[in-house]
Amino acid sequence: MSTEAVSHPTYGNWRRPRRAGLGPLGLVGTFVIFGGLVATLLASLISLYAAIIVFVPVVLFLIPLAIRTQDGRNVYQLFALRVGWWRRKAAGAHLYVSGPLSARPGGRFRPPGLLNKVTASEGRDAYDRPFGILHHPQRDLYTIVLGCDPDGGSLIDPDQVDVWVALWGEWLARLSHEPGLKGATVIVETAPDPGTRLAHEVLPRIHPDAPPAARAVMEEVVDRYPSASSEMHTYVTLTYGNPAGQKRRKEDVMTELAIRIPGLLSGLVAAGGGAAYPLSAERIAEVVRVAYDPAVAADVLNARAMEGGTGLEWDDAGPAAAVETVNAYQHDSGVSRTWMLTLAPRGTVRSSVLRGMLEAAPGTRRKRVALVYRAIDPATSARIVEADRRSAQFMATSGKGMVQARAASEVRAAEQTAAEEASGAGLVEFSLMLTVTVDTMEELADASVTVRNLTAASRVLMRPADRMQAAAFSCTLPAGILPWEQTLVPHELQEAL
């Protein structure tokens, strides 16, 4: 290994999961084409006209399956997305009003959409620290939220960064051994610093007899510093489900999770997460409340600093009103737009590839970057890597020229993945979502330009979550919403399509 490789480690070797079936047709299209050929041959025994009558509908059905967008969706999926949006809009589901003046029972400000049925409880972990747990009754899932303050990469030796990355990979690999874990999300939220914390730290410490000049300097620092600084928060959500065919009480689930939390936190600390801690039910409600209404961020910080807490409950963490449009989501004092990952960085990357995307963006009220992980159990991981290895070898032996050169690279990547999995490494599916919140609809255009610049610098391709902005907004909140658990189509069939 060269000195350059040691001093500047690179990472990568992620690949998009291969779709089952012939080319872009997918598994359903493959069954249709073979079934159509058999039916056409049988019909040709009757007459040529009968064969044409059978063959033409099969071709017309397969053409929309073969046409796919850059993110891999076919014409039928695009049409279903638009039909779903039209139905929601016709039923008024894109509008949400809560509170005492709304028609909803209870007069509370519950979060809308995918979070409307969620309930919050609180328990104590093995160190007697309070932690909140969110229950998703539709899927019978339970979510805990961990907070951490990462050390960052500034003035850190590359060797130390490499160790942190390795330990983070080990922590992700451990997730596949977590009983009942359905998925995990890492959310990095940035926003302009309102200066509340600095004011509470500095102003009470100014001595009454301090010289006027010194007092003026400190007050000016408190007044001007927030305009050039930002606050950053990192949350890790872990969502668990019950084993198939089993029904457990919430108290039993809370007891089991309370035992697991210290081990999960120690893994985060070792991976460079800094001070890690579980979030209480009140803190989770505060984060969601500020996300829906960014204007109250300073008030929430003031209440937490002056009174030790806000007393906010989950049932009051939602917006008073929200409106979903094709390409935006309006909620109380903010307007948001969410983007989804379509292509991860190709080739090798350095550890700082996402640094620009994670830092605060000028001109935005709040920004959240969510990395969604779906851990795969060891048995399934072995089957997947071996299938990819055989597929890559087949492509390498059957291609020519440039196709064969690319296939040879696929073989090397597949062999490396198989060797790492055999040595104990974990296999996870991941995606990335980014939500930007501004004050008005007019500012969204500038925010979109900013996001394009950030994604280009990070070498990722993303597209707006049009016609599903409300659901995508919920997925970037630390509330445990897993996209593959919120669809009527099973995940395995989604991969086939």
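In this tour, Ala, Val, Leu, Ile, Met, Phe, Trp, Tyr, Cys and Pro are termed nonpolar, Asp, Glu, Lys and Arg are termed charged, and the remaining residues, Gly among them, are termed polar. The structure on display is a predicted model.

**The whole protein**

Begin with the entire chain in a cartoon view. The protein contains 16 helices and 13 strands. It has 497 residues, of which 42% count as buried. Among contacts with a separation of 6 or more, 77% join residues that stand 24 or more positions apart. Switch next to a surface view: the protein exposes about 25,900 Å², and carbon and sulfur atoms supply 60% of that area.

**The cavity**

How many cavities of 30 Å³ or more does a search of the whole structure find? The search finds one. The largest cavity holds about 130 Å³ of space. Select His233, Val290, Leu301, Arg304 and Arg366, which are the closest to its centre among the 13 residues that line it. Then colour strand E6 (230–241), helix H9 (281–292) and helix H10 (297–307), each of which supplies at least two residues of the lining. By the grouping given at the outset, the lining of the largest cavity comprises six nonpolar residues, one polar residue and six charged residues.

**Thr234 in strand E6**

Remain with strand E6 and select Thr234, which is located there. Is Thr234 buried or exposed? Thr234 counts as buried because its relative accessibility is 8%, and the cut-off for buried is under 20%. Beyond its neighbours within four places in sequence, Thr234 is in contact with Leu146, Gly147, Cys148 and Pro150, and also with Val186, Ile187 and Val188. Two of these partners, Leu146 and Val186, are stops later in the tour.

**The nonpolar cores**

Select Ile144, Leu146, Trp171, Leu238 and Leu434. These are the residues with the most contacts inside the largest nonpolar core, which has 41 residues. Helix H8 (residues 250–273) contributes the largest share of this core, eight residues. Apart from this core lies another, of 27 residues, including Val118, Val145, Leu279 and Val288.

Now centre the view on Leu146. Not counting residues up to four places away in sequence, Leu146 touches Thr234, Tyr235, Val236 and Leu238. Further residues touched by Leu146 include Ile261, Leu264, Leu265 and Leu268, together with Tyr277, Pro278 and Leu279.

**Val186 in strand E5**

Move to strand E5 (residues 181–192) and select Val186, which lies in it. Val186 has a relative accessibility of 12% and therefore counts as buried. Which residues does Val186 touch, not counting those up to four places away in sequence? They are Trp168, Thr234, Tyr235, Val236, Val369, Ala370, Leu371 and Tyr373. Draw a distance line from Val186 to Tyr373: their C-alpha atoms are separated by 8.2 Å, although the two residues are 187 residues apart along the chain.

**Asp149 in strand E4**

Select Asp149, which is found in strand E4 (residues 141–149). Asp149 is partly exposed, because its relative accessible area is 39%. With its neighbours within four places in sequence set aside, Asp149 is in contact with Gly273, Gly274, Ala275 and Tyr277. A line drawn between the C-alpha atoms of Asp149 and Gly273 spans 5.9 Å, and these residues are 124 residues apart along the chain.

**Two loop residues with positive phi**

Select Asp128, in the loop between strand E2 (119–124) and strand E3 (130–136). Phi of Asp128 is near 65°, a positive value in a residue other than glycine. Asp128 counts as exposed because its relative accessibility is 51%, and the cut-off for exposed is over 50%.

Then go to Arg467, in the loop between strand E13 (461–464) and helix H15 (469–475). Its phi is likewise positive in a residue other than glycine, with a value near 65°.

**Phe34 in helix H2**

End the tour at helix H2 (residues 26–44), where Phe34 has its place. Phe34 is partly exposed, because its relative accessible area is 47%. For a final distance line, connect the C-alpha atoms of Phe34 and Val58: they are separated by 10.0 Å, and the residues are 24 residues apart along the chain.

Technical notes:
Residues are numbered from 1 along each chain as its sequence is written. This is a predicted model: local features need pLDDT of at least 70, side-chain atom pairs count only at pLDDT 80 or more; totals for chains, interfaces and linings use all residues. Side-chain values use heavy atoms; hydrogens and water are left out. Helices (H or I, at least four residues) and strands (E, at least two) are DSSP runs, numbered from the N terminus. Buried means under 20% relative accessible area, exposed over 50%, partly exposed in between (1.4 Å probe, protein chains only). Contact means heavy atoms within 4.5 Å. Accessible areas come from the Shrake-Rupley method with a 1.4 Å probe; for residues, only the protein chains shown count as cover. On a 1 Å grid over the protein atoms alone, a cavity is a set of points where a 1.4 Å probe fits but cannot get out, and a pocket is an open set with protein on both sides within 12 Å along at least five of seven lines; lining residues have an atom within 4 Å of a point. Grid points are joined across faces, edges and corners, and a volume is the space filled by probe spheres set on the points. A nonpolar core is a set of buried Ala, Val, Leu, Ile, Met, Phe, Trp, Tyr and Cys residues joined through side-chain atoms within 4.5 Å.
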